[in-house]
Amino acid sequence: MIAAQAKLVYHLNKYYNEKCQSRKAAISKTIREVCKVVSDVLKEVEVQEPRFISSLSEMDNRFEGLEVISPTEFEVVLYLNQMGVFNFVDDGSLPGCAVLKLSDGRKRSMSLWVEFITASGYLSARKIRSRFQTLVAQAVDKCSYRDVVKMVADTSEVKLRIRDRYVVQITPAFKCTGIWPRSAAHWPLPHIPWPGPNRVAEVKAEGFNLLSKECYSLNGKQSSAESDAWVLQFAEAENRLILGGCRKKCLSVLKTLRDRHLELPGTPLNNYHMKTLVSYECEKHPRESDWDENCLGDRLNGILLQLISCLQCRRCPHYFLPNLDLFQGKPHSSLENAAKQTWRLAREILTNPKSLEKL
């Protein structure tokens with residue numbers, strides 16, 4: 001048993017050093033290329049409208065606010081200033097969303113975003129995004145990369161297609177620190193020893209973002225109040241959660257397997273599903289020793305089996321907001337197809353670790 005486990009870990013490490021590292025290098029190169037174009041577009045936006053200041057900056061070889069959805073799809077979060085006069089309200093009526101309400105009607109004129117406040121005092125995510133979309137469309141025509149970048153039509157999101165190869169969504173957002181949403185108040189679960197009080201404090205200090213984008217749970221049937229709502233996102237908190245042991249290596253292997261074998265019709269799976277399942281696996285295996293390098297095979301196997309189960313049940317709960325289903329709106333046939341494909345993959349890796357050389 002131990003010999004089989006060691007063999008799997010050996011082949012996984014080889015896979016990591018060869019396939020995962022080359023994937024990372026290729027994506028880093030793409031990110032540089034994409035960020036050059038996005039920065040140029042945002043510079044033009046800022047000239048027209050100084051309230052939309054580009055927050056895309058590089059720190060320690062990574063771009064602040066950039067998320068990789070797949071090797072050809074990215075999201076850039078554009079942090080807006082001055083949320084000050086609004087109260088953050090998440091009463092659970094819109095899973096995964098919250099609203100920003102004027103703390104005092106008399107402060108309306110003091111807000112930097114006065115023309116985007118609805119009659120009932122809400123700062124409208126949709127109105128801000130609509131204005132931003134107009135500005136980006138104008139900037140695309142003026143910027144120095146206008147030959148290689150165009151707006152993606154037929155969507156209320158702000159999406160750019162670059163060199164006909166990459167798609168980048170630019171999402172206006174507010175950063176919320178020093179508060180933690182009520183809809184995530186159940187976390188951490190009292191009977192689970194992971195991640196421990198110090199890490200919990202760090203994660204909560206990271207806070208969360210409020211994004212102006214279409215909300216999963218509303219799935220096309222938006223009333224005006226709902227389209228004014230902001231989507232909760234916990235990217236920094238989630239990144240902090242999976243530090244230590246072989247967690248990040250495990251995620252890297254999962255992302256690489258997804259890119260090479262689970263990029264299927266209907267795009268049932270993305271990197272975020274993988275990241276979510278790593279967090280759940282941490283709860284199931286709360287001890288640090290469970291994440292030693294020699295446990296990499298066991299953890300990967302556990303996550304692939306959990307993924308198959310989620311695909312078969314057609315439900316993958318968000319880690320911090322379990323009422324939110326990350327498979328919402330995905331075609332059933334594509335989830336079934338992904339379950340079969342993941343099962344083939346898991347069986348292949350488990351019964352014949354050497355097959356990783358070809359995967």
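## The annotated domain

Over residues 246-343 the chain is 60% helix and 0% strand. The C-alpha atoms at the two ends of this stretch lie 23 Å apart. What does the record call this region? The UniProt annotation, from an unreviewed entry, reads "domain: Mab-21-like HhH/H2TH-like" and covers residues 246-343. Please keep in mind that the model you are looking at is a predicted one.

## The whole chain

Stepping back, the chain holds nine helices and 11 strands. Along its principal axes, the C-alpha trace spans about 70 × 50 × 40 Å. How does its radius of gyration fit with a compact globule? For 359 residues such a globule would have a radius of gyration near 21 Å, and the chain has 21 Å, so the two agree.

Contacts tell us about the fold as well. Among those between residues at least 6 apart in sequence, 69% join residues at least 24 apart.

## Inside and outside

Buried residues account for 50% of the 359 residues in the chain. Turning to the surface, the chain exposes about 16700 Å², and 51% of that area comes from carbon and sulfur atoms.

Charges are worth a look too. The chain carries 51 positive and 41 negative charges, and the mean positions of the two groups are 2 Å apart.

## Two cis peptide bonds

Now for some local details. Which loop holds proline 188? Proline 188 sits in the loop between β9 (166-176) and α3 (197-206). The peptide bond leading to proline 188 from tryptophan 187 is cis, with omega near 0°.

Proline 195 is also placed in the loop between β9 and α3. Here the partner is tryptophan 194, joined to proline 195 by a cis peptide bond with omega of about 5°.

## Positive phi angles

Aspartate 164 is not a glycine, although its phi is positive, at about 55°. You will find aspartate 164 in the loop between β8 (159-162) and β9. Is aspartate 164 buried or exposed? With a relative accessible area of 58%, aspartate 164 is above the 50% cut-off and therefore counts as exposed.

Arginine 314 is a residue other than glycine with a positive phi, near 60°. Arginine 314 belongs to the loop between α8 (296-313) and α9 (332-351). Its relative accessible area is 35%, so arginine 314 counts as partly exposed, a class that runs between the 20% and 50% cut-offs.

Note on methods:
Residues are numbered from 1 along each chain as its sequence is written. This is a predicted model: local features need pLDDT of at least 70, side-chain atom pairs count only at pLDDT 80 or more; totals for chains, interfaces and linings use all residues. Side-chain values use heavy atoms; hydrogens and water are left out. Helices (H or I, at least four residues) and strands (E, at least two) are DSSP runs, numbered from the N terminus. The radius of gyration is taken over C-alpha atoms; the globule rule is 2.2 Å times the number of residues to the power 0.38. Buried means under 20% relative accessible area, exposed over 50%, partly exposed in between (1.4 Å probe, protein chains only). Contact means heavy atoms within 4.5 Å. Accessible areas come from the Shrake-Rupley method with a 1.4 Å probe; for residues, only the protein chains shown count as cover. Lys and Arg count as positive and Asp and Glu as negative; His and the chain ends are not counted. The place of a charge is taken as NZ of Lys, CZ of Arg, CG of Asp or CD of Glu. UniProt positions are given in the numbering used here, feature names are shortened, and annotations may be inferred rather than shown by experiment.
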